[in-house]
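Trainee: Please take me closely through the packing of the interior, and then through the parts of the fold that bear on it. I would like a careful reading, with the cut-offs behind each term.

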Amino acid sequence: MASSSRGSIRAFQRSDIPQVCHLFSQTFRLGKTYQAAKLAACLEATYFDSPGYTEGTGSIVHLDRNGAVNGFMGVISMTMVVGERTLRAGILSAYMAADPDNNPGIGVSLIRGVTARDFDLLFTDTANRTSLDIARATRFVILPAQSLEWVKIHRPAGTAAYFLGKRLPRLARWTIPIARVADSVLRRFLPFGSPRPDGIVSRPITAADFAEAARPFLAHYDLKPDPVELGWFVEQAGLQTKYGPLQIREVVDRIGRRIGLYLLYGRRDGVAYALQILALPNREELVVGQMFVDAAEFGAVAVRGATSPDLMKGLFRQKGLLYHHVMGTIAWTRDPEVAATLRRGNVFLGGIVGETWARIVTEDFS
């Protein structure tokens, strides 16, 4: 346990869950309607049940001078691979501090505490602007190629109705049918949507099948997740409800060869979220195109997802994509080999190897 005059840092324990639940509800303003038992179960599953968890590579809490939890740094433990080596890695998740304006040192203490632990690599794909400023001061590497989001609009009026409905939910009942009619009219005059790739089809597979099928798609990365653990992450991703059901699919060509895989959240009249896309070299355009066609058939008004260097060739070939910055991907290591690998950029970080799939960052626990 590391301590100072302002408090101390130690490993997150199951007995801390009630205090962290309270801190979570205050930090993210869940209100009086959230279900504490549901949040507690999610905290335990996310931070204690991951296949790479050990006490030395788990989350940490900050205690005040009276021993009460007043800060938390969530870490989803996992195993990464660089060359022939396995790494103790952690996805930084759900930072919280009680009364942060009057306790600015808690965040710094938590960052120092987590980087002092038994990690070879720490990273997150949801760093906001404040986190990016902290990253510069704490020797985190910013990965710009993984820090943009793309958006593909299938139905313009439906997309407008979707965002209006998020602000004014009572209007959704009226705006969605009107938007469907408007889009059917617009489609006669404006060429939006995506053409179906010739000879390409997709079909559903299980989380376990996805993890096994991903192996050849991950082989060329210098830094990648341990495929043995990948199935757990896909299963956990399937429990999220915010973006709609998770579609786990493989993409095959006209001779039945698997050329890609994808994980896509989507529901009718909503904006689908592409959690992960994997494609063989020079088949990126076909895989991305098939995913867009599938999303439209699921009823999505638009699709969004994060950029990655290996997918840019396929994304650039799609018409009508918009790019913007939402969250950054940052990584920390004390290992020179891993640092050099991060700088080269051929790394598999973000998406399913990130925290955007985690219920702890998307659910309201109502």
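Mentor: The largest nonpolar core has 65 residues, and among these Ile 352 and Trp 357 touch the most other members; a core here is a set of buried Ala, Val, Leu, Ile, Met, Phe, Trp, Tyr and Cys residues joined through side-chain atoms within 4.5 Å, where buried means under 20% relative accessible area, exposed over 50% and partly exposed in between, with a 1.4 Å probe and protein chains only. Once neighbours within four places in sequence are set aside, Ile 352 is in contact (heavy atoms within 4.5 Å) with Leu 230, Phe 233, Val 234, Ala 237, Leu 263, Leu 275, Gln 276 and Trp 357. A second core, separate from this one, has 21 residues, including Trp 150, Ala 279, Val 287 and Phe 292.

All of this is read from a predicted model, in which local features need pLDDT of at least 70 and side-chain atom pairs count only at pLDDT 80 or more, while totals for chains, interfaces and linings use all residues. Residues are numbered from 1 along each chain as its sequence is written, and side-chain values use heavy atoms, with hydrogens and water left out. The chain has a mean pLDDT (the predictor's confidence in each residue, from 0 to 100) of 89, with 95% of its residues at 70 or more. Among the elements, which are DSSP runs numbered from the N terminus, helices being H or I of at least four residues and strands E of at least two, strand 12 (residues 258-265) has the highest mean pLDDT, 98, and strand 1 (residues 2-4) the lowest, 52. Where pLDDT is low, the predicted coordinates should not be read in detail.

Several partners of Ile 352, among them Leu 230 and Phe 233, belong to helix 9 (residues 227-237), a mostly covered helix in which nine of the 11 residues are buried. Those buried residues are Pro 227, Glu 229, Leu 230, Gly 231, Trp 232, Phe 233, Val 234, Gln 236 and Ala 237. At the start of helix 9, a side-chain oxygen of Asp 226 reaches to within 3.0 Å of the backbone nitrogen of Val 228; this is a polar contact, that is, a pair of N or O atoms within 3.5 Å, for which, within protein, one atom must be able to donate a hydrogen and the other to accept it, residues adjacent in sequence counting only if both atoms are side-chain atoms.

Helix 12 (residues 336-344) makes a useful second case, with Val 338, Ala 339, Thr 341 and Leu 342 buried. These four lie on the same side of helix 12, because they cover an arc of only 160 degrees around the axis, the arc being that of the directions from the helix axis to the C-beta atoms. Turned away from that buried side is a face with the exposed residues Pro 336, Arg 343 and Arg 344. The cover over the buried residues of helix 12 includes strand 4 (69-82), strand 5 (85-97), strand 6 (121-127), strand 10 (223-225) and strand 16 (328-332). The N-terminal end of helix 12 is capped by Asp 335, which has a side-chain oxygen 2.9 Å from the backbone nitrogen of Glu 337, and after the helix comes Gly 345, with a positive phi near 90 degrees.

Strand 5 also holds Ala 94, which has a positive phi of about 55 degrees although it is not a glycine, and which counts as buried at 10% relative accessibility. Asp 269, likewise not a glycine, has a positive phi of about 65 degrees; it lies in the loop between strand 12 and strand 13 (271-279) and, at 12% relative accessibility, is buried.

Trp 150, a member of the second core, is also touched by Leu 322, whose other contacts, beyond residues up to four places away in sequence, are Glu 149 and Val 151. Leu 322 sits in strand 15 (residues 321-324) and is partly exposed, with a relative accessible area of 49%. The C-alpha atoms of Leu 322 and Trp 150 are 5.4 Å apart, although 172 residues separate them along the chain.

Finally, the structure holds zero disulfides, a disulfide being a pair of cysteine sulfur atoms within 2.5 Å. Cys 21 has the sulfur of Cys 42 as its nearest cysteine sulfur, 9.4 Å away; Cys 21 is buried at 5% relative accessibility, and Cys 42 is buried too, with a relative accessible area of 1%.
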